[in-house]
Amino acid sequence: QVQLVESGGGLVQAGGSLRLSCAASGLTFSRYTMGWFRQAPGKEREFVAAINWRDSSTSQADSVKGRFTISRDNTKNTVYLQMNSLKLEDTAVYYCAAAYMTTGTYNYWGQGTQVTVSS
């Protein structure tokens, strides 16, 4: 059974930093592209960042470029999202997800972790 478990969310002041982690189990982690998504209240879920399974190349949404960094540790089956210079509009539930190799379809999702940025 595949499980993705996020952690590291919380309350932080604007301009601060948080590091999210997502521990995966029940899958061959190195064969999965891993992504982070978020959903703010009243809004649709949106893409934040992804890291490729093969070469660990990354992509980010324009709204987080230069502030958020995605990384992975295949020895720990874990993907991270380092979030710096947080803004009020970054407040959301953050989800990690897994897409098998090059399918581009995220089949597995975590339960989410809340990030709240205060002024």
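Q: A charge sits over a ring if NZ of Lys or CZ of Arg is within 6 Å of the ring centre and within 35 degrees of the ring normal. Over which ring does the charged end of Arg72 sit?
A: The model discussed here is predicted. In it, the charged end of Arg72 is 4.5 Å from the centre of a ring and sits over that ring. The ring belongs to Phe29.

Q: Which residue has its charged end over the ring of Trp109?
A: Trp109 is partly exposed, at 32% relative accessibility. A charged end sits over the ring of Trp109 at 3.8 Å from the ring centre. That charged end belongs to Arg45.

Q: Which residues does the disulfide join?
A: The structure holds one disulfide. A disulfide is a covalent bond between the sulfur atoms of two cysteines. Here the S to S distance is 1.9 Å, and the two residues are Cys22 and Cys96.

Q: How many residues apart in sequence are the parts that the pair of Cys22 and Cys96 ties together?
A: The disulfide runs from Cys22 to Cys96. Cys22 belongs to strand S3 (residues 18-25) and Cys96 to strand S9 (residues 92-100), so the parts tied together are separated in sequence by 74 residues.

Q: Is Cys22 buried or exposed?
A: Buried means under 20% relative accessible area. Cys96, the other half of the disulfide, has 0% relative accessibility and counts as buried. Cys22 has a relative accessible area of 0%, so Cys22 is buried.

Q: Are the rings of Tyr32 and Tyr108 stacked, edge-to-face or tilted?
A: The structure holds six aromatic pairs. In one of them, the ring centres of Tyr32 and Tyr108 are 6.2 Å apart and the planes stand at 55°. Planes under 30 degrees apart count as stacked and over 60 as edge-to-face, so the rest are tilted. At 55°, the pair of Tyr32 and Tyr108 is therefore tilted.

Q: Which strands hold Tyr32 and Tyr108?
A: The rings of Tyr32 and Tyr108 form a tilted pair. This pair ties together parts 76 residues apart in sequence, because Tyr32 and Tyr108 lie in strand S4 (residues 32-39) and strand S10 (residues 106-109).

Q: Which of the two, Tyr32 or Tyr108, is buried?
A: The cut-off for buried is under 20% relative accessible area. Tyr108 has 31% relative accessibility, so Tyr108 counts as partly exposed. With a relative accessible area of 10%, the buried residue is Tyr32.

Q: How many residues apart are Phe37 and Trp109?
A: The ring centres of Phe37 and Trp109 are 4.9 Å apart and the planes stand at 55°, so this pair is tilted. The pair links distant parts of the chain, with Phe37 in strand S4 and Trp109 in strand S10, and the separation is 72 residues.

Q: Which residues form one aromatic cluster with Phe37?
A: Phe37 is buried, with a relative accessible area of 11%. The aromatic cluster that includes Phe37 is completed by Phe47, Tyr106 and Trp109.

Q: Which strands stand at the edges of the open sheet of four strands?
A: The strand order in this open sheet is S1-S3-S8-S7, with antiparallel pairing. A strand with a single partner has one side without a neighbour in the sheet, so the edge strands are S1 (3-7) and S7 (68-73).

Q: Over how many bridges do S3 and S8 pair?
A: Strands of a sheet pair through backbone hydrogen bonds, either parallel or antiparallel. Opposite Tyr80 in S8 stands Ser21. S3 and strand S8 (residues 78-83) pair in the antiparallel sense, and the number of bridges is six.

Q: Leaving aside neighbours within four places in sequence, which residues are in contact with Asn77?
A: Asn77 is placed in the loop between S7 and S8 and counts as partly exposed at 24% relative accessibility. Its C-alpha atom is 10.0 Å from that of Gly26, 51 residues away along the chain. The contacts of Asn77 are with Cys22, Ala23, Ala24 and Phe29.

Q: About what phi does Ser85 have?
A: Most residues other than glycine have a negative phi. Asn77 is not a glycine, yet has a positive phi of about 50°. Ser85 is in the loop between S8 and S9 and is partly exposed at 40% relative accessibility. Ser85 is not a glycine either, and its phi is positive, at about 50°.

How values were computed
Residues are numbered from 1 along each chain as its sequence is written. This is a predicted model: local features need pLDDT of at least 70, side-chain atom pairs count only at pLDDT 80 or more; totals for chains, interfaces and linings use all residues. Side-chain values use heavy atoms; hydrogens and water are left out. A disulfide is a pair of cysteine sulfur atoms within 2.5 Å. Helices (H or I, at least four residues) and strands (E, at least two) are DSSP runs, numbered from the N terminus. Buried means under 20% relative accessible area, exposed over 50%, partly exposed in between (1.4 Å probe, protein chains only). Rings of Phe, Tyr and Trp (its six-membered ring) pair if their centres lie within 6.5 Å; planes under 30 degrees apart count as stacked, over 60 as edge-to-face and the rest as tilted. Two strands pair if DSSP finds at least two bridges between them. Contact means heavy atoms within 4.5 Å.
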